[in-house]
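Me: I am new to this structure and would like a close look at one part of it. Please take the packing of one pair of helices, and then follow the chain outward to a few residues around that part.

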Amino acid sequence: IQFDHVTFKYKHGSGQPVLNDISFTIRPGETLGIIGGTGSAKSSLVQLIPRLYDAESGTVRVGGVDVRDYNLDVLRREVSMVLQKNVLFSGTILDNLRWGDANATGEECIRMAKLACADEFIQRFPDKYNTWIEQGGSNVSGGQKQRLTIARALATSPKLLMLDEPFSGVDPIAVSDIQKIVMELRDTDGLSILITDHNVRETLHIVDRAYILFEGKVIKHGTSEEIANDPIARKQYLGDQFRM
């Protein structure tokens with residue numbers, strides 16, 4: 001995945017770019033963090049990859065190909081996105097998992113659930129994968145909902161998994177579970193992972209490299225160790241007591 005001097009602004013916005021001259025590369029099998037506060041344009045950045053929006057200037061490439069040259073269905077099978085506000089539908093757990101791939105077999109759904117650490121809690125339900133999910137997932141916890149949506153995103157066997165604010169609105173136990181999922185998925189052959197988050201402490205431990213965004217610009221980047229040990233980054237973003 002490559003961003004090459006990408007600038008983006010919303011057509012019906014203020015007219016000012018929300019992303020300004022962004023360049024970075026995600027290598028195959030790498031886990032990258034995009035970190036920034038509210039208004040830093042993290043979500044806008046990741047939405048350019050599956051072409052929910054198109055860049056104003058510059059180029060976004062997947063596999064060396066400009067995303068604008070892809071068939072959209074093909075592109076969106078290659079890159080899978082878990083949004084900050086997860087949506088589950090009325091239906092069984094299997095129905096929800098197959099929303100990622102309507103042709104997925106039961107065995108494939110179970111394999112994806114195991115990768116997302118969801119199989120453990122599913123097996124505790126009396127009806128297991130035939131458990132009925134209420135509209136919006138109101139009968140499962142926030143952490144369980146997050147794991148189910150990650151499993152669903154994996155159903156297409158994507159090359160890139162994007163997690164947009166995965167730690168937002170979940171309890172500390174769920175945060176730990178999601179961090180565990182990411183660490184285990186890092187061993188999945190050929191899968192790259194992109195995580196956006198406002199909380200650098202939760203993300204730095206589980207990424208190879210990180211980019212810090214502020215008002216749509218990259219203001220610092222490096223390996224997780226470099227950022228954690230940078231005195232300015234510690235003071236401004238991490239706190240002086242933070243260490244890897």
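Reply: What follows starts with a pair of helices and then turns to single residues.

The model is a predicted one, in which local features need pLDDT of at least 70, side-chain atom pairs count only at pLDDT 80 or more, and totals for chains, interfaces and linings use all residues. Residues are numbered from 1 along each chain as its sequence is written, and side-chain values use heavy atoms, with hydrogens and water left out.

The pair consists of helix α6, residues 142-154, and helix α7, residues 172-185. Helices (H or I, at least four residues) and strands (E, at least two) are DSSP runs, numbered from the N terminus. The two helices pack at an angle of about 20°, and their axes are 9 Å apart. α6 is therefore roughly parallel to α7, a term for angles under 35 degrees, while over 145 is roughly antiparallel, 65 to 115 roughly perpendicular and the rest oblique. Axes here are lines fitted to C-alpha atoms, for helices over the stretch in contact, and angles run from 0 to 180 degrees between N-to-C directions. The crossing of α6 and α7 is right-handed, meaning that the near helix is turned clockwise from the far one by less than a right angle.

On the α6 side the residues that meet α7 are Gly143, Gln146, Arg147, Ile150 and Leu154. On the α7 side they are Ala174, Asp177, Ile178, Ile181 and Leu185. The residues of this contact divide into 6 nonpolar, 2 polar and 2 charged. Ala, Val, Leu, Ile, Met, Phe, Trp, Tyr, Cys and Pro count as nonpolar, Asp, Glu, Lys and Arg as charged, and the others, Gly among them, as polar.

Ile150, in α6, is buried at 1% relative accessibility. Buried means under 20% relative accessible area, exposed over 50%, and partly exposed in between (1.4 Å probe, protein chains only). Not counting residues up to four places away in sequence, Ile150 touches Val82, Ala116, Leu161, Leu163, Ile181 and Leu185, where contact means heavy atoms within 4.5 Å.

Another residue of α6, Ala153, takes part in a contact with Ser80: the side chain of Ser80 reaches the backbone oxygen of Ala153 at 2.7 Å. Such a polar contact is a pair of N or O atoms within 3.5 Å; within protein, one must be able to donate a hydrogen and the other to accept it, and residues adjacent in sequence count only if both atoms are side-chain atoms. Ser80 is found in strand β6, residues 79-82, and is buried, with a relative accessible area of 9%. Leaving aside neighbours within four places in sequence, the contacts of Ser80 include Thr156, Pro158 and Leu160.

After α6 comes the loop to β9 (160-164), and Ser157 has its place there. Ser157 has a positive phi of about 50° although it is not a glycine. Most residues other than glycine have a negative phi. Ser157 is partly exposed, with a relative accessible area of 47%.

Asp164 is joined to Thr196 by a polar contact of 2.5 Å between their side chains. Thr196 is found in strand β10, residues 192-197, and is buried, with a relative accessible area of 1%. Among the residues in contact with Thr196, leaving aside its neighbours within four places in sequence, are Ile34, Leu163 and Pro166.
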